[in-house]
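Which features of a protein chain are worth following when one meets a structure for the first time? This report takes up one helix and then a few pairs of charged side chains.

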Amino acid sequence: MRAKQILFLHIFYWILNLSFSIVTPIIAGKTGFFVLSVTFFAVSFIAFYINYFYIVPFFFNIKKLYFTIFGFFVSVGCFVFFRYMVEELILPLFIGHGNYAEGTSLLYYYYDNVFYSSTTLFISTVLSLFNIFFKREEERQTLIEEKKYAELKALKTQINPHFIFNSLNNIYSLVFQNSEKALPAIEELSKLLRYSTKDLEQDFIPLEREIGYVKSLIELEKLRIKNPEKIIISNHIKNPALKISPMLIVPFVENAFKHGDFRDKGFEMNISDENKILHFYLLNYKKEKMKDSVSGIGIDNVRKRLDILYPKKHELKITETEADFTIDLKIDLKNEEN
C-alpha cells in the first residue's frame, strides 16, 4: 500500500512538471524555448532519480548533518554535470548554440543551477526519505513479527513437556496403587496427546477444541480424586467456532489440580463467551501446608503469550490468598471467527 502511495506521488509530480514546463508553453504559443524545455525536463528526470536511489540513501545521516549537506552539493553537481553535457556540449551540435552564453565560467554555471535544481532535488530528497522511512518501518515490523513467531514457538514447546510431566505423575500414582483407574487414565492421556500434538502446530484452533482439552484433562484428573463431585463446572459457550490460540486455558486447570486441595474441597470453573468475549473464571483451594506461590512455568507462559497474541484485548487477574487461588481471564475474540 505504501509503495502505491509513493508511486502515485511520483506520477503526480511528473505530470505537474510536464504540464508547467512543456505543455503550458505550447498551449500559450511560446515555442521558442521548446527544445531547452525538453532538455531541462530530461535532465531534471535523470538527476531526480540518481538523487532518489543513490545520493540520498548514501549521504543522508541524521547524526552527521555535515555529511547530509555535502550530499546536497553532490546532487547539485550531478544535475549540473548532466545539464552541461546535454545543453552545452550535445545541443550545439544540432541547433548551433547552447543555453548559456559563451565564456560562462563553470563556477557561475554551478552557482546558477543551485537555484534551478533546488525544486527537483528537494522533492526527490523528500520522497526518497519517505521511501527509506517506510522500508525501515516495514523491516522493523517484519523483525517484530519474526520475533513474536519465534517466541511463540518457544513458549509452545514449553507447554507440551510440562503438561506430559504432570499427567505422567498422576498415572504413576495410580499404577503404584494398583488402581483400576490406571488404564482409563492412560487412555485419556493418549487422547490428550493426540489433541495436543495435532493442534499445537496451529496458530489458532476453535474455542470448542480448547474446551475439549480442558474437559479431557478434568476427566483424567477425576480418576485420582476421591470426591470428584466437588469439581463444579459451568459451560456457557454460544460461539464454539471462535478462534483461540491453543493451550491458553489448560495451564490454569493443570495448575489448579497440581496445587489444589481435593480432599474436602474442589474447585469451581465457569466458561462463557457473551458478546464473543471469552470469560474464564477458576477458583481452587490451596493445600493447607502450601505457603509458596502456586504460579509457575505454565502461568508465566500464558502471561507472555497473551501479551504477544492479544495486546490490549485481554485482561488477566490472578488473586492469591493463603486459602485459595483465583483466575479471572477475559479475552476479546471478536473477528476471530471464520
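What follows describes a predicted model, beginning with a helix and passing on to salt bridges.

Helix H7 covers residues 207-222, and because a helix is expected to span 1.5 Å a residue, its 16 residues should span 22 Å, which agrees with the 23 Å between its end C-alpha atoms. The buried residues of H7 include Leu207, Ile211, Val214, Leu217 and Leu220, and Glu210, Tyr213, Ser216 and Glu221 are also among them.

Side chains of opposite charge can pair when their charged atoms come close. The structure holds seven salt bridges, and the table gives some of them.

| Salt bridge | Closest N and O atoms |
|---|---|
| Arg140 and Glu137 | 2.9 Å |
| Lys238 and Glu274 | 3.2 Å |
| Lys317 and Glu315 | 3.3 Å |

Arg140 and Glu137 both belong to helix H5 (residues 106-176), where they stand three residues apart, about one turn of the helix. Arg140 is partly exposed, its relative accessible area being 42%.

Lys238 forms a salt bridge with Glu274, and this pair links distant parts of the chain, 36 residues apart. Lys238 lies in the loop between strand S2 (231-236) and strand S3 (243-244), while Glu274 lies in the loop between strand S4 (267-272) and strand S5 (277-285). Lys238 counts as exposed because its relative accessibility is 58%, over the 50% cut-off, whereas Glu274, at 47%, counts as partly exposed.

In the pair of Lys317 and Glu315, Lys317 is partly exposed at 47% relative accessibility, and Glu315 is partly exposed at 36%.

Technical notes: Residues are numbered from 1 along each chain as its sequence is written. This is a predicted model: local features need pLDDT of at least 70, side-chain atom pairs count only at pLDDT 80 or more; totals for chains, interfaces and linings use all residues. Side-chain values use heavy atoms; hydrogens and water are left out. Helices (H or I, at least four residues) and strands (E, at least two) are DSSP runs, numbered from the N terminus. The expected span of a helix is 1.5 Å times one less than its number of residues. Buried means under 20% relative accessible area, exposed over 50%, partly exposed in between (1.4 Å probe, protein chains only). A salt bridge is a side-chain nitrogen of Lys or Arg within 4 Å of a carboxyl oxygen of Asp or Glu.
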